[in-house]
Every structure is written in C-alpha cells, then in structure tokens.
Amino acid sequence: MTLQTNARPRDVDTSLLRAWPLPMPSNDADKEDRGHVLVLGGSREMPGAVILAATAALRAGAGKLTIATGRSVAQLVALAIPESRVLGLAENDAGGFTVEAVAALDPLADKISAILIGPGMQDEAATARLVHALLPRLDGTDTNVLLDAEAMGAVLHPPVGNPPFRFNVPVLLTPHAGEMAHLTGIAKEEIGVAPDRHAVEAAQEWNAVVALKGARTVIAAPGGERWQHEGGNVGLATSGSGDVLAGIIAGLAARGAGLAQAAAWGVALHARAGERLAERFGRLGYLARELCDVIPALLEQAAGDSADAASRPSGTRRGIEG
C-alpha cells in the first residue's frame, strides 16, 4: 500500500472540532446512554495512574465507570473514586495481572462502550497476554479499545509466533516517541525526524489508529488518513499527564466517538487544559490531576453551540472516523 504522507494532514483546530461534533446525549439521557467505560490498569507501584485516567474519563462525559485493578490496591482506588465500581484482579510477583483476570471481566464485555488498558500496569509480557486474551471476547461488540503504556506491548508479544502483529479489529495506540521506538525498534531520534511516516507505517502495519504524541502530535488511521495537532506547553510534560490524556480519549470513545475522533478531540482538550492551567499557575508546576478539572468547560467551549452540535450527525460507536 502506498503511504499517504505527501498530502498535508488535517489540523486539529477549533474549525475542525466544530465540524466534527462529538455525540451528545439528549437531556433525558441516563448514565447508560452516556457510555460505560472500563479502565483496566494500576499496580502496587502505580495505583495513581488508573485513578487519573478514570477521573479524566468521567470528566470527558462518560456516564458509567468501572475500574479493574490489582487486588492489592483495589480498596485504595475505590476510596479515591467513589463514583466507580472497582474490581480487584489477581496479580503476579512482578505486579502484572494473570490471564485469569479475563474471567472476572467477561461479564462486562457486552456492557461496556470503551475499554482503556494500560495506565500504571507492570510486566509487559503478562499485560500482552491479557490483552490478547481479552480482544477475542470483545470482537463483535461495539466496544472501542484503547491501548496505552504497557498494554501497547501487545504488538511486541503476539499470541503465536513473532512480530509483525496485526489487530483483527482496529484499536487505538497512544505512544510517545520513546514508546514508538520500543515498539518498532526504530531509533527515537529517527522517529522524531519523520513522525508522520512512522505513524502511518505503524497504523497500516498494526491495523490501528496511532496517536504519536509530542509537541506536534500526529494521528494516523489504517487507511492513511492523518491529523496533526500543535499546542499546549511544556507543563504537560509531567508525571501522570499521559494517563489523563488516555482517560479523556476513553471517555469520549465511551460516549460514542470513533477512535480517530476521540483521539483528535482528546489531544486538543488535553493541550487546551494545559494552556488554561498555565494561565493560572504558570507553565511549570501544575499537576496532572488538575487537568481533569478544566475538561468539562473546555468541552463546551470547543463544541460551540451545543444545541447546534447535537443536531448534526454524530457517527457510530465503533470505527475509525466517527
């Protein structure tokens, strides 16, 4: 397939966002109508990552939240997010989850709108086995699948044989340049020189939407479509910021946005949240958890006239574009 990297990618700006409105629930919608997001992650050493991601998903408008995390930290997570149902999963000695976790998650497979796997997880190989065990159970459902952090290692640890690996149904991956280097074996510096090419190649090879994060973020879909976003500030380069971004995207996907749309809106909202906090605190020193608090207002601002946005086509729950 010829790589479509010559044409200029679409800018993720206010004009694009207003022309690409998010699905909006009606005024009489209940929490199920707003989407059910499952965040699978956390570990003994990093329980905060799943808390950040889950909080961001709710702030992005998801109506119902379930968190699946390690048994050792489940009570802590439940106390931190009383809005969520929390499932405690068996852990191995390295802090990863065992494949037996699939049985605990199986009853949710037909009920969730989006699943985010990865924030705060440990043991890449064990996480990859869990991802590959879960994906077949989600085939045929309307669940949008997002892989972040350790869960992206699924492309390095296929269930049978060696890479290259290709997803049966498109998922979303959210690597920064260092993670993309790990996943592809290409030097981080080389990825930084040509992010568009590497994002498009990975998207086509893996059958995934790839959001290659950076000061300029490139979003590539398997068909060669590309978007780009520049914005935010250096304050976003802080612990937990990526977990918040992943959670925002998951919340939007749970509401019914397609993978590329959720990624584009999520990247833009994340950057604008950083800009808003920089005005309040300065460019350095604001906290990742503070990003979550400004997301709802930024969503309405970006959407413009919400009533007009709600009257336009909103797309489908599963897929790339909408």
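This report covers the nonpolar cores and the annotated binding-site residues of a predicted model.

Residues are numbered from 1 along each chain as its sequence is written. In this predicted model, local features need pLDDT of at least 70, side-chain atom pairs count only at pLDDT 80 or more, and totals for chains, interfaces and linings use all residues, while side-chain values use heavy atoms and leave out hydrogens and water.

**Cores.** A nonpolar core is a set of buried Ala, Val, Leu, Ile, Met, Phe, Trp, Tyr and Cys residues joined through side-chain atoms within 4.5 Å; buried means under 20% relative accessible area, exposed over 50%, partly exposed in between (1.4 Å probe, protein chains only). The largest nonpolar core has 63 residues, of which Val-37, Leu-252 and Trp-265 touch the most other members. Helix H10 (residues 259–281) gives the largest share of this core, 12 residues. Helices (H or I, at least four residues) and strands (E, at least two) are DSSP runs, numbered from the N terminus. A second, separate core holds 45 residues, including Leu-89, Leu-108, Leu-173 and Leu-212.

**Annotated site.** An unreviewed UniProt entry lists Ala-49, Gly-120, His-176 and Asp-243 under "binding site"; UniProt positions are given in the numbering used here, feature names are shortened, and annotations may be inferred rather than shown by experiment. Two of the listed residues, Ala-49 and Asp-243, are tabulated below. Contact means heavy atoms within 4.5 Å, and neighbours within four places in sequence are left aside.

| Residue | Helix | Relative accessible area | Contacts |
|---|---|---|---|
| Ala-49 | H2 (residues 47–59) | 8%, buried | Pro-119, Gly-120, Asp-243 |
| Asp-243 | H9 (residues 241–254) | 15%, buried | Ala-49, Leu-52, Ala-53, Pro-119, Asp-148 |
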